[in-house]
Amino acid sequence: MKPVLALWLLLFWCSLASAQSNVSIRGSYQDKPLELVILDLKINYQLQFEYEEALIKDIRITSSFSRKPLEEALQRLLLGTAVDFEITGDRSVRLFARNTRPNQVQAAIAPPSRTNIQISGTIRDGQTGETLPFTNVLVEGSTNGTTTNVDGYFTLFNVPNDTAILAISYLGYQPLRFRLTPDMDLEHIDIGLRDFGLQLQEVLVKANQEDQMLSASSGVSRIGITPAALDKLPSYGEKDIFRSLQLLPGVSGSNESSSGLYVRGGTPDQNLVLFDGFTVYHVDHLFGFFSAFNANAIKDVQLYKGGFDAKYGGRLSSVVDITGKDGNTEEFNFGAGISLLSYNGFVETPFSKGKGSFVFAGRRSFQSDFYSNIFDAYTNTGDQPGNTPAGPGPGRFFGQQEVKPNTYFYDVNSKLTYRPSGKDVISVSFYNGQDNLDNSRDVNSNAFGRGPFGGGNADLDFQQENTDLTEWGNWGTSAKWSRRWNDHFYSNANLSYSNYFSRRDRTNSTTVNRTDTTFTRNIGSYEFNDLQDVSLKLDNEWKISQQNQLDFGLQTTWNKIEYAFTQNDTISVLDRLDQGQTTAVYFQDRYTLNEKMILKGGLRSSHYSVTGNLYFEPRASFTYLLTDAIRIKAAWGKYYQFATRIVREDIQQGSRDFWLLADDERVPISSAYHHILGASYEDNTWLLDIEAYYKTLDGLSEYSTRFTPSGFGPGRQLAYEEFFYTGTGIAKGIELLLQRKVGQLSGWIGYTLGEVKYDFEAFGDKPFYANQDVTHELKIVGNYKLGKLTLGGTFIYATGRPYTAPTGYYELTLLDGSTADFFEISEKNALRFDDYHRLDLSATYDFHLGGSKASLGLSLFNIYNRKNTWYKEYEVIEGELLETNISLLGFTPSLFASWSLH
């Protein structure tokens, strides 16, 4: 603890030392009164100003720049006004009139010197210098616009002249009107945006700010969010990007036990999750209660719910493309946070005179009462009794031993970014997240004493070793080189490694010593899954003209997947080692017709080494602008998946799953067709978006031992490899999103009407509802701002999911002489759980501590303590089949706090 405290003190001292150096300013002001700009500089930079009030009356400022020395910053701010300045001390400034007309509002704008021009540049966070991907850049008063790429770079053609105004917007940031000037370097424009955070206008109660939480009109089935835009929504004490995505229409929000995304009837393994280019195969912490990503390390998230571009492949349902933070390029910064569940911290710093940056973020849970309550709810355990063998006859027992499970999770992110020139960006990103649960215990007769009063048996000794270990996690790293060859051509090369592992050891070894005999019995199961992924991606963007952009590239992935499942030390249920390589080439052309219609056509071709075949995936989409506010959109495409996660059906204790590679023999290669049609209406305040989808699925797989071959006995072994079953499916539905984007009250209402049916010949002649089928799902999300206080609320309602239940049981003697209960099963998913619903509320208070930022919050999860069913357990006790409802988390309050230097 002392070294950690010393490190934090050293970092704090370094930050104070940095603060005492020469003052530097960053700014992003859009048509702001000069008096408010001065007030902002006083608050955030402790500057002192001396001036006559009449001097600054009616002067408004529009200026944006990254960190600049005080003198240069003031020159930029006061350019074109009748005000001059003199720096009279380290933080003292005197304002006075220039030798021009007093109280001049703005110098006349110079006439344009160039027309029909091409411009390019970078959009950044005006405070940290972070580049902002997927920022909208539009020539004001026209439909001529573009978005920045993943590195924040943009090129815009056919700009009318060099005094045009650009309208720039990005989620979680103040929109900016940026005027070009004739003396500006139009090939290297550097524009800084200011995040909403704790703003001056909040203090002045300006309620019409555009604090938009999500962008849902940027394309077909595409939604963009940023952590900054959603940090006021109710949570469990941690900002959680994937839990926020579950509040969107088309993404199931009732699967509370998983942070994975069920998108338009798909399953979590059918989502391609990318973090800085490497694939993440499992996204859960604490049995799904949290996602595995620390919001302090995330800059941007793009969700593609279907019809995604040709550059993405290997999944059937959707794509989540996460861009990690690069780190502050302007100044050293660090921060920390704590909740009732975990603590976290981050450090970011520039180096090499701002050409480079480094960020590190970490998070770890601790076993508080709050953590234990969540753990107990999701594992149906508390202080675990040691199960001990009992002698025959009533009243003969050995007692119980209290055992507290040892469990925790952690994750770490780091990223180093270096810009050796204005055209190159080199970055290395690293991620590791892991969960560990140790519920092991040893029990022996000595623990309970001897004789009838001690609860023991003088004629019997026993020793019991109970192993109960569970761990899972991800490793991932990527090295990326981006280069802007010229204003038209941009390339990304990304080399990555990813590893997912899962290990579950639940075994019991009991040795019993009686007067005349000794015997040992081993029961239980061991399950291990390890997946490795090595990938190389070469992606290119060629802006042929303002109307035409061509994307093309080469991607190759090598996978190695191990899976082993054994029971009772003697039965190897499955033991697989799969290896394979997938190599793909793709191209996609985006063409705009008459500034009204956007057409996209693409083709992806993949070679899969396991089968030696080529797989072609055509993609197409269009968007048509009926008016400036109304658009019609559609998409179609074919998609293949080679690495798949198989459900291992377990009626008694709940199903589990594991990853393996398809071989087109036991496990077929999955494929899907997407058909999407929609329309949207958007103005400055409201967005209404409607989309209908229809997906056909082929090559679906499931693993189940419910169909035991007839005649099983001592002379025959079960062929467990035969228990893979394949089928097809259809997912269809309609989504509606109504979003209020601005004002003190903002948020959205989402509704989904959906159906997912599978058809497996082995499970019956009729199609059955898939496990993730939800007919109706309604979500209401809102934020209400009262100055520095933000109140948030979410409500979710969903009809019940289907499930399969046992109708009876029978007993079989296994090869080792032990017996096991086998269940007679109802029709597949013939029953449904009760409807799911819950209400969550939160309150967050933002404030300053000197020049630093801080926030305190309270979150109330499931406020009316609804008992939503997670799954059902079945067991046979004295010849009777008993059913137990396992409920999800009830009412849970949480407190959280965070602080950062800047």
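**Strand pairing, cores and a cavity in a predicted model**

Strands 21 (residues 342–351) and 22 pair in the antiparallel sense over 10 bridges. Strands here are DSSP runs of E, at least two residues long, numbered from the N terminus, and two strands pair if DSSP finds at least two bridges between them. The model is predicted: local features need pLDDT of at least 70, side-chain atom pairs count only at pLDDT 80 or more, and totals for chains, interfaces and linings use all residues. Residues are numbered from 1 along each chain as its sequence is written, and side-chain values use heavy atoms, with hydrogens and water left out.

Four residues lie between the strands in the hairpin of strand 21 and strand 22. There, Ser 352 takes a positive phi near 55°. Val 347 stands opposite Phe 360 of strand 22. Phe 360 also stands opposite Ser 414 in strand 25. Strand 25 (residues 406–421) runs antiparallel to strand 22, and 9 bridges join the two. Strand 22 (residues 356–365) is largely enclosed by the rest of the structure, because 7 of its 10 residues are buried. Buried means under 20% relative accessible area, exposed over 50%, and partly exposed in between, with a 1.4 Å probe and protein chains only.

An open sheet of 5 strands has mixed pairing and the order 13-18-19-14-15. Strand 13 (222–225) and strand 15 (278–279) stand at its edges. Each has a single partner strand, so one side of each is left without a neighbour in the sheet. Within the sheet, strand 14 (residues 271–275) and strand 19 (residues 318–324) pair in the parallel sense over 5 bridges. Asn 271 has Ser 318 of strand 19 as its bridge partner.

The largest nonpolar core holds 37 residues. Such a core is a set of buried Ala, Val, Leu, Ile, Met, Phe, Trp, Tyr and Cys residues joined through side-chain atoms within 4.5 Å. Phe 658, Tyr 703, Phe 724 and Tyr 758 touch the most other members. At least two residues of this core come from each of several strands, including strand 31 (548–567), strand 32 (571–593) and strand 39 (686–703). Strand 37 gives the most, with 4 residues. Another core, of 36 residues, lies apart from it. Ile 241, Phe 278, Val 301 and Leu 687 are among its members.

Contacts (heavy atoms within 4.5 Å) were listed without residues up to four places away in sequence. On this basis, Phe 724 touches Leu 574, Arg 576, Ile 646, Phe 658, Leu 660, Arg 666, Val 667, Glu 702 and Tyr 703. Arg 576 is also touched by Glu 562, whose other contacts are Phe 528, Asn 529, Asp 530 and Leu 577. Glu 562 lies in strand 31. Glu 562 is partly exposed, with a relative accessible area of 30%. Glu 562 and Arg 576 are 14 residues apart in sequence, yet 5.8 Å apart in space, C-alpha to C-alpha.

A search of the whole structure finds 8 cavities of 30 Å³ or more. A cavity is a set of points, on a 1 Å grid over the protein atoms alone, where a 1.4 Å probe fits but cannot get out; lining residues have an atom within 4 Å of a point. Grid points are joined across faces, edges and corners, and a volume is the space filled by probe spheres set on the points. The second largest cavity encloses about 180 Å³. Its lining has 16 residues, of which Gly 265, Tyr 693, Thr 752, Gln 772 and Val 774 lie nearest its centre. Strand 41 gives the most to this lining, with 4 residues. By class, the lining has 5 nonpolar, 6 polar and 5 charged residues.

Conventions
1 Å grid on protein atoms, 1.4 Å probe; cavity = no way out; pocket = protein on both sides within 12 Å on 5 of 7 lines; lining within 4 Å. Nonpolar A, V, L, I, M, F, W, Y, C, P; charged D, E, K, R; others polar.
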